[in-house]
Amino acid sequence: NEFEIMDMDEYTAKMFEDPDAARGNFDLEAVLQKLRESMRQQYPLVRDIFRRFDADRDGVMTLSEFEAALHKFGFMLSKEEVVSVMKHFDTSKDGQVSYNEFCDAMLDEDYTTHMLRPKPRIDPNFDHHYAAKAETKAVERMETAEVRKAVRAVGDVMYKKHGMLTRLFKEFGHITHKSAVSCEQIQHGLRQLGHSFDIEDVQRAVLFLQPDADPECVEYIELFKALLASFHDVSMGR
């Protein structure tokens, strides 16, 4: 059986003309149109598309998430091309793509006078400054996720294990007669009670709960009061 393809978008046409074209440079406008079509076919609701991109559910797409999503949809773009497409979505140019920015890029205008205005075209020139900002923002987001993970993990131990707080304070009493301990001593006390944490995670939790704290001199009663007070908010990812 034979069939004839009557029409196709520019991206697909180039793929048929040159099977190795996935490793070459494309007209990014064609990529954007193909991206819209591909995602709309798989995800009728724009929020579902965004959730697919936003892997860690933090409400924004970072460069690594954006690149991974493009690859999942079959777009084998270079790093420079990914940055250019993402920059087009990121109208605030803060190095990440919000839900509203994503909607603006993916959806057509409503039936208003705005429909008469053509959407801005993608700037194909690689922007080194924007790329650096996007990389920095991705690292910041990753660290934020690690901080919240650490606070949740320590909070789970303190909140869900009956009598754990009293036992931990007794451990601190064996270490020092002062009202303050170091992050290493907090780590040691938790380990003595059967809960091992990396020192980096202990420090993350401490500095999240008490941003001005000295990691070598943490007022532990106030620290764990703050931990228990914030536990539900952190656990729910607020």
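Two exercises with worked solutions follow, one on an aromatic pair and one on a helix contact.

The model is predicted, so local features need pLDDT of at least 70 and side-chain atom pairs count only at pLDDT 80 or more, while totals for chains, interfaces and linings use all residues. Residues are numbered from 1 along each chain as its sequence is written, and side-chain values use heavy atoms, with hydrogens and water left out.

**Exercise 1.** Classify the ring pair of Phe50 and Tyr99, and place both residues in the fold.

*Solution.* Rings of Phe, Tyr and Trp (its six-membered ring) pair if their centres lie within 6.5 Å, with planes under 30 degrees apart counted as stacked, over 60 as edge-to-face and the rest as tilted. The centres of Phe50 and Tyr99 are 5.3 Å apart and the planes stand at 85°, so this pair is edge-to-face. Because Phe50 belongs to helix α3 (residues 46–53) and Tyr99 to helix α6 (residues 99–106), the pair ties together parts that are 49 residues apart in sequence. Both residues belong to one aromatic cluster, which is formed by Phe50, Phe53, Phe66, Phe89, Tyr99 and Phe102.

**Exercise 2.** Describe how helices α7 and α10 are oriented and which residues meet.

*Solution.* The axes (lines fitted to C-alpha atoms over the stretch in contact, with angles from 0 to 180 degrees between N-to-C directions) of α7 (residues 128–160) and α10 (residues 199–209) come within 8 Å and cross at roughly 90°. The helices are therefore roughly perpendicular, a term for angles of 65 to 115 degrees. In contact (heavy atoms within 4.5 Å), Glu143, Glu146, Val147, Ala150, Val151 and Val154 of α7 meet Asp201, Arg204, Ala205 and Phe208 of α10.

Terms used. Helices (H or I, at least four residues) and strands (E, at least two) are DSSP runs, numbered from the N terminus. Angles under 35 degrees count as roughly parallel, over 145 as roughly antiparallel, 65 to 115 as roughly perpendicular and the rest as oblique.
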